[in-house]
Amino acid sequence: MKKWNKALAAVLALTMVAGMLAGCSKKTPDQPVVDGDNTVVSTDDNNTVAAAGKDYTYHAYSTALADNWNPHTWETNADDNMRRYFKTMLVDTTVKDSEAGEYQLIWEGATSIEDVTADHQDDLDKYGCNLPEGKTSADITEGYVYEIKLNPELAWEDGTPINADTFVYSMQQLLNPDMLNYRANNYYDGDYAVAGGRKYYYSKTEGYYVPLTNHFDSFAAAQEAGDVFANAWDLWNAQGYIDADGNEVPQYVNVTDETVYSADGAGDDAFSGVDLAAYGDAYPEYFYVWENNEDLGASFDVVGFYKVDDYTLRYVGQEATDYNLMVIGHLGDLDVVYEPLYESLKDTTGDLVTTSYGTSKETTVSYGVWKLDSFQDDKQVVLTRNENWFGWEQDENGNLVSYTLVPIDGEIRQQYQTTKIVIDVMTDDAAKQAFLKGELDTWVPSSADLTTYGLSDKMYKAPETYTERLFFNCGLDNLKEMDASKGNTNSVVLSNENFRKAFSLCIDRSEWVGKTAGFIPAYAILNSLYYYDFYNDPTSKYRATDEAMQAICNVYGVEYGEGKAYATLEDAYNSINGYNLTEAKELMATACQELVDAGLYTAGQDIHVRVAWMKGPLDSDAEAQVSLLQDYLNAAMDGSGFGKITLEALGSITDRYGDTAKGEYAIGYGAWGGAAFYPFTIFQVYCDPDYVSIHEAGCWDPKTETLTLNVKGEDVTMTWQEWSSCMAGTGKFAAEDFKTKLGILAGIEENYIEKYYCIPLASMSTCEMISYKVNYAAEEYNVMYGFGGIRLMTYNYDDAEWAEFVASQSGALSYE
């Protein structure tokens with residue numbers, strides 16, 4: 001999901017520059033023999049100590065640079081990656097045993113984080129924590145109060161110490177009600193929010209817009225009580241538009257105005273001929289009501305984040321949390337800002353206080369391994385070592401060197417051998433040429449390039465949690481409107497479940513994924529990167545459980561056992577490829593007859609469906625993907641009574657997810673992912689419109705439709721929305737054992753897939769080539785440390801030796 005697990009984000013961020021600063025040790029051509037006086041070499045090729053005083057520059061690229069790495073306001077992945085260069089994680093993860101895929105913690109910015117709830121139960125009442133129903137603070141002994149012991153050696157790049165006061169100041173500024181910082185949502189909202197964070201953040205806001213469903217059962221009830229507001233930015237894509245009076249369209253518009261803002265800024269009657277109450281009930285996620293702020297004037301004292309002594313802090317969570325998820329996924333990533341600079345850069349002239357902190361070399365101060373040496377917008381970033389990072393020591397010649405705080409594969413290793421990182425802005429095509437000329441150490445190949453380089457020793461693939469899928473708006477009334485006025489013809493066929501199921505079964509995913517670099521066939525919603533008890537059992541993959549495998553066997557009708565094609569559940573599951581053209585053709589014939597009988601379709605007529613494919617312009621990969629899908633459909637429809645189908649893929653769509661849900665398109669294409677270490681809440685993004693705007697909203701109402709599952713021998717019926725959140729926080733089944741929760745999750749997944757409101761197509765992975773210049777610590781990708789990252793990157797050549805090697809190859813390197 002878009003709110004992806006921050007533990008994964010924290011681990012991977014520093015393993016990604018343009019592609020991924022991660023990989024493994026592989027063969028290099030004509031690797032130089034280095035004098036023993038310069039380099040100490042063990043029998044382990046990865047345990048090479050860098051020749052002190054030599055230059056080891058890592059050359060990367062990006063198609064665009066970050067423009068705001070302020071920890072409080074960053075927005076894009078590029079911003080986040082840049083931010084992480086200038087910080088030290090309180091606790092990070094790294095390789096323990098690369099062959100076994102075991103990870104371990106590294107305490108850097110902190111020396112420990114302990115759950116001290118049992119000793120500080122009074123904090124739960126003081127800061128207004130949300131407690132389980134029927135419980136008081138005296139009943140709670142874990143999961144709320146965490147004590148952080150800071151590393152006293154932590155300092156800014158100018159040598160200024162960092163202590164508890166630094167962290168308290170930084171949190172106060174993050175939640176500053178005069179600033180309303182974008183990234184404060186990580187601390188006033190969600191499972192890991194600090195207690196009281198929301199009260200302080202909104203303490204100078206008289207009120208706020210909240211979902212209509214927070215207070216009312218229906219749109220009509222809300223109207224009777226007072227004004228109702230539409231989120232114009234989501235409902236009408238009106239963000240940035242100018243109305244007829246020359247004013248920018250606000251995010252929330254009183255629907256009594258009944259005005260929609262079109263792309264040219266003209267105001268039109270939004271609801272002419274529309275039953276507004278019915279519309280609001282059908283799409284409640286777009287409508288809000290005003291709620292007065294009961295905590296107006298609250299001070300930072302209401303926030304459960306406080307100093308104990310100079311190097312000790314306590315963090316009080318609003319909700320109960322798992323220790324590992326809180327520590328690795330949230331607290332480990334706590335940021336600080338440099339107070340003198342942050343304050344000097346504040347601008348108080350607007351309605352909100354702003355700061356330009358973290359937007360240039362002059363406005364950036366590091367407390368991490370790297371510091372910003374130079375920044376040329378849209379051209380280049382250069383990072384060099386921060387001499388005041390606590391982890392450096394000096395060798396006998398005064399050169400900086402650092403060693404891991406824990407053994408890696410049984411030995412203490414040198415870390416951060418890299419002396420400089422240069423990131424140049426260039427296109428992917430230009431990067432390919434630079435890589436092959438030895439000018440770059442990383443390159444992300446296209447799908448076409450995989451044919452040439454797919455078997456290279458320097459190719460690496462890092463899987464991701466995201467599952468690409470087709471998602472539908474299969475509401476009959478919506479489809480009729482699209483056929484009448486939105487450019488579709490006979491798209492009403494998508495209202496038929498047998499048609500959508502046949503669509504899924506006719507796709508040869510093994511062939512289809514070959515059109516995009518890094519794609520892996522997907523037949524389920526969750527892929528193999530989801531773990532249900534990762535911190536205690538790194539092998540606990542959801543997809544490998546009996547419950548999860550049985551669910552997918554049920555979906556595709558694959559049986560096992562005596563007298564069946566497959567002896568075991570695992571054999572049956574492993575046989576699934578999602579492709580059954582014979583069944584697809586049978587289903588198409590059935591669907592055609594059902595649609596004809598219902599008076600929705602005339603046999604033999606052609607079908608035209610517009611597909612919201614991507615935010616950017618269509619590229620060759622997209623065109624190839626859509627062409628194949630169209631071919632698959634026509635093969636399945638041949639002889640069924642249907643005419644030919646044309647899929648018209650469209651790009652440059654700002655919000656294809658929202659537009660499909662609203663009925664602009666019948667089919668969208670996109671992905672959800674995240675929550676890798678607690679998959680039990682993933683279906684909130686599919687079934688809980690109060691949690692997020694669901695992409696398949698045009699198909700159904702998960703707040704009213706019900707599902708019955710057998711839980712611990714008893715049939716339980718709840719709405720889909722209730723099922724999706726039943727294992728979150730203090731949900732109905734949140735405290736159950738893993739076996740029970742696995743059964744629930746598998747049941748939800750099976751039944752949701754069988755609605756065919758979406759069709760899983762592929763899991764994503766990042767493909768990257770790295771140069772012969774560098775090696776990495778791990779042979780296999782691990783979700784907790786990638787391939788070892790830049791921390792454990794080693795070099796086969798220093799800069800001078802690399803230049804000599806490239807020249808010896810006439811500036812043309814072969815990686816085939």
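**Exercise 1. Two helices in contact**

Determine how helices α19 and α20 are oriented with respect to each other, and state which residues in α19 and α20 meet.

*Solution.* In this predicted model, α19 and α20 turn out to be roughly perpendicular to each other, and the steps below show how that is reached.

Step 1. The axes of α19 (residues 581-597) and α20 (residues 620-637) come within 8 Å and cross at roughly 65°.

Step 2. Angles of 65 to 115 degrees count as roughly perpendicular, and α19 and α20 are therefore assigned to that class.

Step 3. On the α19 side the contact is made by Leu 581, Ala 584, Lys 585 and Met 588, which meet Leu 633, Ala 635, Ala 636 and Met 637 of α20.

Step 4. Sorted by class, the contact of α19 with α20 has seven nonpolar residues, one charged residue and no polar ones.

**Exercise 2. A strand and its surroundings**

Decide whether the residues of strand β27 are buried or exposed, and identify the strands that pair with β27 in the antiparallel sense and in the parallel sense.

*Solution.* Step 1. Buried means under 20% relative accessible area; six of the six residues of β27 (residues 667-672) are buried, so the strand is largely enclosed by the rest of the structure.

Step 2. In a regular strand the side chains alternate between the two faces of the sheet. In β27, Ile 667, Tyr 669 and Ala 671 point one way, while Gly 668, Gly 670 and Trp 672 point the other way, and all are buried.

Step 3. Strand β23 (residues 459-472) pairs with β27 in the antiparallel sense over six bridges, and within this pairing Leu 470 has Tyr 669 as its bridge partner.

Step 4. Strand β25 (residues 607-612) pairs with β27 in the parallel sense over two bridges, with Val 611 standing opposite Ile 667.

**Exercise 3. An open sheet**

Establish the order of the four strands in the open sheet and name its edge strands.

*Solution.* Step 1. The order is β1-β21-β17-β16, and the pairing is mixed.

Step 2. The edge strands are β1 (57-62) and β16 (370-376), since each of them pairs on one side only.

Step 3. Neighbouring strands of this sheet are turned by 20° against each other on average, with direction ignored.

Step 4. Strands β1 and β21 (residues 420-425) run parallel and are joined by six bridges; the bridge partner of Ser 62 in β21 is Val 425.

**Exercise 4. A residue in a helix**

Classify Asn 574 by its relative accessibility.

*Solution.* Step 1. Asn 574 lies in helix α18 (residues 569-574).

Step 2. Its relative accessibility is 54%, and with the cut-off for exposed set at over 50%, Asn 574 counts as exposed.

How values were computed: Residues numbered from 1 in each chain as written. Predicted model: local features only at pLDDT ≥ 70, side-chain atom pairs only at ≥ 80, totals over all residues. Heavy atoms only, no water. Pairing = 2+ DSSP bridges. Axes fitted to C-alpha atoms, helices over the stretch in contact; angles between N-to-C directions. Buried < 20%, exposed > 50% of the residue type's maximum accessible area, 1.4 Å probe, protein only. Parallel < 35°, antiparallel > 145°, perpendicular 65-115°, else oblique. Contact = heavy atoms within 4.5 Å. Nonpolar A, V, L, I, M, F, W, Y, C, P; charged D, E, K, R; others polar.
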